[in-house]
Amino acid sequence: MSKLDQILVLDPPSDLRFKGPFTDVITTNLKLKNPSDRRVCFKVKTTAPRRYCVRPNSGVIDPGATVNISVMLQPFDYDPNEKSKHKFMVQTIFAPPNVSDMDALWKDAKPDDLMDSKLRCVFELPSENDKVSDVEATKVAPVMNSAKADPTAATVTGAGAAQQDDTEMKKVQDKCKRLQSEMSKLVEENRQLKDDGIRMRKAPRSDHMTTNSTSLLGREATTASLPSLLVVIAAIFIGFFLGKFIL
């Protein structure tokens with residue numbers, strides 16, 4: 001009796017390709033499709049079991065279903081001059097009704113009932129174009145991460161700017177209060193000087209009093225002009241600080 005042909009459809013059909021560098025785990029995928037109307041048991045074997053991790057490495061595929069197998073090559077020192085001799089074999093058998101003990105099924109299976117497919121492992125180093133693409137991807141990744149982080153950064157910056165604006169506004173308000181206080185004092189002094197001038201004009205006139213009155217009136221005129229000047233200076237200061245805060 002001749003050996004049965006493989007019932008499953010393998011993708012890839014003959015080679016498992018692993019692209020380096022091989023300083024980290026390299027994973028390639030193997031698809032097993034069952035085109036028949038019967039359930040099929042499968043098992044994945046390799047000639048180098050310590051170098052690979054296969055998940056899942058066995059199971060049952062229902063009619064018309066597909067199973068994805070992950071084959072993970074462990075890190076190793078790659079020698080381009082050394083040809084890979086690693087191979088894989090996908091072994092299958094039609095599942096009997098109500099199968100429960102898979103180990104017993106494989107152990108008791110007759111050689112004529114087994115179907116198998118062999119795949120060889122191919123190691124490839126990245127080409128120069130691939131290296132350039134990897135470098136560009138590495139450069140782009142931090143930029144993308146930075147772009148994603150921008151909303152948070154903008155929020156922090158906005159909060160800092162608002163706090164700085166509040167500080168500036170408080171300084172301007174303090175200066176305005178000081179200017180208003182000084183203006184109030186000067187207005188009060190001006191009022192007192194005016195009262196003194198009125199009293200002096202009502203008093204009997206003499207040369208001495210005339211001299212003092214003239215001096216007092218001169219001071220009154222000078223002091224009377226001070227509030228207007230201070231109002232202008234205060235307005236300039238307030239406008240400068242408010243303009244700086246708004247801009």
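Biologist: Hi! Pro13 caught my eye: is it buried or exposed?
Modeller: Pro13 counts as exposed, because its relative accessibility is 59%. Exposed here means over 50% relative accessible area, buried means under 20%, and partly exposed lies in between (1.4 Å probe, protein chains only).

Biologist: What kind of model is this?
Modeller: This is a predicted model, where local features need pLDDT of at least 70, side-chain atom pairs count only at pLDDT 80 or more, and totals for chains, interfaces and linings use all residues. Residues are numbered from 1 along each chain as its sequence is written, and side-chain values use heavy atoms, leaving out hydrogens and water.

Biologist: Okay, where is Pro13 found?
Modeller: Pro13 lies in the loop between β1 (9-11) and β2. Strands (E, at least two residues) and helices (H or I, at least four) are DSSP runs, numbered from the N terminus.

Biologist: Which residues does Pro13 touch?
Modeller: Leaving aside residues up to four places away in sequence, Pro13 touches Lys118 and Leu119. A contact means heavy atoms within 4.5 Å. Lys31 is 18 residues from Pro13 in sequence, and their C-alpha atoms are 9.2 Å apart.

Biologist: Let's zoom out. How many helices and strands does the protein have?
Modeller: There are three helices and nine strands, in the sequence pattern β-β-β-β-β-β-β-β-α-β-α-α.

Biologist: Which strands form the open sheet?
Modeller: Five of them, in the order β2-β9-β8-β4-β6, with mixed pairing. β2 (15-19) and β6 (58-61) are the edge strands, each pairing on one side only. From one strand to the next, the twist averages 25 degrees; axes are lines fitted to C-alpha atoms (for helices, over the stretch in contact), and angles run from 0 to 180 degrees between N-to-C directions.

Biologist: In which sense do β2 and β9 pair?
Modeller: β2 and β9 (residues 115-124) pair in the parallel sense over five bridges. Two strands count as paired if DSSP finds at least two bridges between them. Leu16, for instance, has Cys121 in β9 as its bridge partner.

Biologist: And β5: which of its side chains are buried?
Modeller: In β5 (residues 52-55), Tyr52 and Val54 point to one face and are buried, while Cys53 and Arg55 point to the other and are not. In general, side chains of a regular strand alternate between the two faces of the sheet. β5 also pairs with β7 (residues 66-73), antiparallel, over four bridges, and Tyr52 has Leu73 as its bridge partner there.

Biologist: Which residues touch the most other members of the largest nonpolar core?
Modeller: Phe18, Leu32, Tyr52 and Phe88 do, in a core of 25 residues. Such a core is a set of buried Ala, Val, Leu, Ile, Met, Phe, Trp, Tyr and Cys residues joined through side-chain atoms within 4.5 Å. β7 gives the most to this core, with four residues. A second, separate core has seven residues, including Leu105 and Trp106.

Biologist: What does Tyr52 touch?
Modeller: Beyond four places in sequence, its contacts include Phe18, Phe88, Cys121 and Phe123.

Biologist: Last topic: what pLDDT does the protein average?
Modeller: The average is 77, and 66% of the residues score at least 70. pLDDT is the predictor's confidence in each residue, from 0 to 100.

Biologist: Where does pLDDT stay under 50?
Modeller: Over residues 206-210, for which the model has two contacts beyond four places in sequence. Where pLDDT is low, the predicted coordinates should not be read in detail.
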